[in-house]
Amino acid sequence: MGLILGIESTAHTFSFGAVSSDGVSVLPSHSSLYRPEEGGIHPREAADHHVNSSRTLLEKAMDDWGISGGEIDAVAFSQGPGLGPCLRVGGSVARSMSIALDVPLIGVNHCVAHIEIGRRMTGCSDPVLLYVSGGNTQVIARASGRYRVLGETLDIGIGNMLDKFGRAIGIPFPGGPIIEKKASEYVKENGPDRILDLPYAVHGTDMAFSGILGAAISHANRGEDHGLVCHSLQEVSFASCVEVGERAMALTGKSEILLGGGVACNKRIREMTQTMASERGGSAHWPDWRLCIDNGTMIAELGRRMLDSGEATKLENSAIDPSLRTDMTPISWS
Ligand code: ATP
Ligand code: FE2
């Protein structure tokens with residue numbers, strides 16, 4: 001059985017994943033994460049990391065899956081959105097492999113890939129997607145052949161906000177998982193009731209996170225218990241996402257909500273989403289955490305769906321697009 005290979009390189013993560021061409025098997029991704037020594041991501045350094053890790057990573061992945069180049073039926077890659085220098089590495093690897101193996105090339109929309117792997121793994125069919133990652137925070141639903149963005153952050157992504165707060169209190173990148181741990185340890189000892197005053201920013205179906213970031217840093221600088229600040233930050237910022245998710249469900253009449261993106265690894269946002277969905281008689285879904293964070297497998301899965309509906313990318317149309325939007329990709333599959 002042949003495989004569709006997926007290559008992810010939008011930002012920090014360089015990853016190879018695969019699904020079988022018949023859609024039956026989903027293979028685990030092999031990923032390498034660029035971690036800046038200090039400060040935020042430096043696109044060129046991240047791109048260098050991707051170049052340096054690509055060969056070993058691919059060899060390890062193919063070894064683990066037990067396949068040879070001849071079993072790769074098509075090569076899918078993240079065409080956008082993301083950081084230009086990083087996307088370019090994935091694009092070049094994908095083009096070279098497609099030419100060398102003489103198989104179709106499929107440029108995919110990274111945000112749509114988060115949705116499709118979630119639908120595939122959880123079995124939900126027509127969800128509202130709460131896409132909460134480092135760079136993106138969007139509420140998305142399918143309508144008239146596109147995934148439409150119904151609401152989104154007006155400033156920074158929720159994950160970037162968590163990472164920036166982490167950096168301000170001395171937590172290395174990525175801050176989200178450690179913030180979750182500090183918050184849950186705090187709640188175990190003190191209970192969930194006390195929440196610090198933080199600005200809650202929902203504007204219609206849009207959200208904003210820079211105000212809450214500044215206020216949380218001030219609380220920490222004033223000597224508040226970091227566990228309490230982490231707990232408060234999660235409660236307030238996650239509540240705004242879940243509120244917009246609920247509004248989108250009410251507006252579209254859809255009964256399923258699907259979490260995707262790295263922040264969807266967080267147990268508390270899952271729990272809040274679950275509570276909201278059950279209260280409205282709907283259902284909440286999320287894939288395994290390895291498929292919530294950026295990964296090559298989701299790129300392969302979207303590539304498979306596109307190929308099945310007759311879509312491949314000609315070499316001359318395979319340039320990366322750092323500002324590709326979720327709603328720019330026509331959905332030709334069911
Ligand atoms: P995108 O290109 O889609 O914006 P990304 O480059 O931000 O993606 P992801 O792997 O989707 O990459 O998400 C990474 C983000 O997820 C980081 O900001 C990280 O802190 C956050 N994150 C990961 N695990 C958790 C967690 N348990 N709780 C909260 N945030 C988390
Ligand atoms: Fe992502």
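The domain assignment splits this protein chain in two: domain 1 covers 3–115 + 294–328, and domain 2 covers 126–290. Keep in mind that this is a predicted model. The C-alpha centres of domain 1 and domain 2 sit 27 Å apart, and the notes below look at how the two halves meet.

**Who takes part**
- On the domain 1 side, 17 residues join the contact, and domain 2 brings 16 residues to it.
- Sorted by class, the face of domain 1 that touches domain 2 comes out as seven nonpolar, seven polar and three charged residues.
- Helix α3 (residues 110–122) gives that face of domain 1 its largest share, with five residues.

**How much surface gets covered**
- Putting domain 1 and domain 2 together buries about 1400 Å², and carbon and sulfur atoms give 60% of that area.
- Three residues stand out here: His-114, Ile-115 and Asp-327 supply 38% of what domain 1 buries against domain 2, more than any other three residues.

**Polar links and charge**
- Between domain 1 and domain 2 there are five residue pairs in polar contact, counting pairs with both residues at pLDDT 80 or more.
- As for salt bridges, the rule finds one across the interface of domain 1 and domain 2.
- Glu-152 and Arg-325 pair up through their side chains in a salt bridge, at 3.3 Å from N to O.
- By the assigned bounds, Glu-152 falls in domain 2 (126–290) and Arg-325 falls in the 294–328 stretch of domain 1.

Notes: Residues are numbered from 1 along each chain as its sequence is written. Chains are lettered from A and ligands numbered from 1 in the order in which they are written. This is a predicted model: local features need pLDDT of at least 70, side-chain atom pairs count only at pLDDT 80 or more; totals for chains, interfaces and linings use all residues. Side-chain values use heavy atoms; hydrogens and water are left out. Domain bounds come from an automatic or database domain assignment. Contact means heavy atoms within 4.5 Å. Buried area is the accessible area (1.4 Å probe) that two parts lose on being put together, summed over both. A salt bridge is a side-chain nitrogen of Lys or Arg within 4 Å of a carboxyl oxygen of Asp or Glu. A polar contact is a pair of N or O atoms within 3.5 Å; within protein, one must be able to donate a hydrogen and the other to accept it, and residues adjacent in sequence count only if both atoms are side-chain atoms. Helices (H or I, at least four residues) and strands (E, at least two) are DSSP runs, numbered from the N terminus. Ala, Val, Leu, Ile, Met, Phe, Trp, Tyr, Cys and Pro count as nonpolar, Asp, Glu, Lys and Arg as charged, and the others, Gly among them, as polar.
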